[in-house]
Every structure is written in structure tokens, then in C-alpha cells.
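Here is a short report for a first look at this structure. Keep the sequence and the 3D view open while reading.

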Amino acid sequence: MTWHTVEGAKASLVGSYLVTGTDSDGKPYVGTHILDVSMAPSGALELDWDNGKQVGVGQVIGNVLAVACLIKGRTVILTMNIGPDGSLSGKWSRRTDRGWQGTETWART
């Protein structure tokens with residue numbers, strides 16, 4: 001993938017998404033969650049869940065969006081596969097959590 005297509009891929013991810021998923025204990029998320037993705041001046045993607053309750057930074061690597069964020073003092077890493085329809089789905093891991101990885105799916109709003 002060339003730099004130009006990586007930049008194009010990042011720009012195509014800018015927007016709002018409805019988030020569904022499971023926590024690391026396997027229980028589904030409760031309620032509706034919104035994720036806003038924007039482009040940072042650095043060229044990275046900025047991610048903002050539920051009006052700033054959680055924030056992160058992401059980079060596109062091939063057809064995967066790699067995201068790092070911090071929740072309640074614990075580091076979280078998400079690896080989200082970019083679908084041809086613009087949706088994303090993947091797994092996440094949070095430092096110190098017991099249980100298996102959580103999941104998320106992001107659908108454009």
C-alpha cells in the first residue's frame with residue numbers, strides 16, 4: 001500500500017459510527033454507543049467514544065485500523081478490520097482484564 005492510499009483510507013474512515021460489542025467477560029454492551037472519528041493535525045486518526053468518555057488514536061495498516069486508548073487508567077488496544085462497506089469489526093484487549101478479548105463492530109450512522 002502506498003502512502004497516498006493509506007492517507008485515502010484514513011480519510012474515508014472519518015465520520016460517526018454506532019458501536020456494538022462485548023466486554024472482556026463476554027457480556028454484550030448495554031445501551032447505544034457512538035464513536036466519532038476525525039483526522040488529527042499529526043495525520044493520525046482521533047477517536048472519541050460517547051462524547052469524550054473514552055478517547056484514542058489510530059493508524060491504518062493495510063486493511064486494519066490499529067487503535068490505542070486509555071480507560072480508567074488501563075491501556076486498551078483495538079485491531080479493527082476495515083470492511084468494504086465502510087464498517088469495522090475486531091477485537092480489543094485491556095491491560096489487567098481477566099477473561100477473553102472483547103469485541104466491537106462499528107457501523108456508519
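## An exposed loop

Asn51 is exposed, with a relative accessible area of 74%. That value counts as exposed because the cut-off is over 50%. The model is a predicted one. Asn51 sits in the loop between S3 and S4. Its backbone has a positive phi of about 55 degrees, although Asn51 is not a glycine.

Asp50 belongs to the loop between S3 and strand S4, which spans 54–61. Asp50 also has a positive phi, of about 50 degrees, and is not a glycine.

## Thr32 and its contacts

Another loop runs between S1 and S2, and Thr32 is found there. Is Thr32 buried or exposed? Thr32 counts as exposed, at 62% relative accessibility.

Leaving out residues up to four places away in sequence, Thr32 touches Leu18 and Asp50. Asp50 is in the loop between S3 and S4, so this contact links Thr32 to that loop. Thr20 is 12 residues from Thr32 along the chain, and their C-alpha atoms are separated by 7.6 Å.

## Strands S1, S2 and S3

Strand S1 covers residues 15–22 and strand S2 covers residues 33–39. The two run antiparallel and are joined by 5 bridges. Within this pairing, Gly15 stands opposite Val37 in S2.

S2 also pairs with strand S3, residues 45–49. This pairing is antiparallel too, over 5 bridges. Ser38 has Glu46 in S3 as its bridge partner. The hairpin of S2 and S3 has 5 residues between the strands. Gly43 in this hairpin takes a positive phi near 100 degrees.

## Leu45, a buried strand residue

Leu45 lies in strand S3. How much of Leu45 is accessible? Its relative accessible area is 0%, so Leu45 is buried.

Which residues surround Leu45, beyond its neighbours within four places in sequence? Its contacts include Val37, Ser38 and Met39. Gly56, Val57, Gly58 and Val60 are also among them. So are Lys10, Leu13, Val14 and Leu65. Gly58 is 13 residues from Leu45 along the chain, yet their C-alpha atoms are separated by 4.9 Å.

## The largest nonpolar core

The largest nonpolar core has 21 residues. Leu35, Leu47, Trp49, Leu65, Leu78 and Trp106 touch the most other members. Two or more residues come from each of helix H1 (3–13), S1, S2, S3, strand S5 (64–71), S6 and S7. S5 gives the most, with 4 residues.

Trp106 shows how these parts meet. Setting aside its neighbours within four places in sequence, Trp106 is in contact with Leu35, Leu47, Trp49, Leu65 and Leu78, among others. Tyr17, Leu18 and Val19 are also on its contact list. The list includes Val67, Met80, Ser87 and Leu88 as well.

## The largest pocket

How much space lies in the largest pocket? The computed value is about 490 Å³. Its lining has 19 residues. Tyr29, His33, Gln54, Ile71 and Arg94 lie nearest the centre.

The lining divides into 9 nonpolar, 2 polar and 8 charged residues. Strand S6 (74–82) and strand S7 (88–94) each supply at least two of the lining residues. S6 gives the most, with 3 residues. S6 and S7 also each give two or more residues to the largest nonpolar core.

Technical notes: Residues numbered from 1 in each chain as written. Predicted model: local features only at pLDDT ≥ 70, side-chain atom pairs only at ≥ 80, totals over all residues. Heavy atoms only, no water. 1 Å grid on protein atoms, 1.4 Å probe; cavity = no way out; pocket = protein on both sides within 12 Å on 5 of 7 lines; lining within 4 Å. Points joined across faces, edges and corners; volume = space filled by probe spheres on them. Nonpolar A, V, L, I, M, F, W, Y, C, P; charged D, E, K, R; others polar. Pairing = 2+ DSSP bridges. Buried < 20%, exposed > 50% of the residue type's maximum accessible area, 1.4 Å probe, protein only. Contact = heavy atoms within 4.5 Å. Core = buried A, V, L, I, M, F, W, Y, C linked by side-chain atoms within 4.5 Å.
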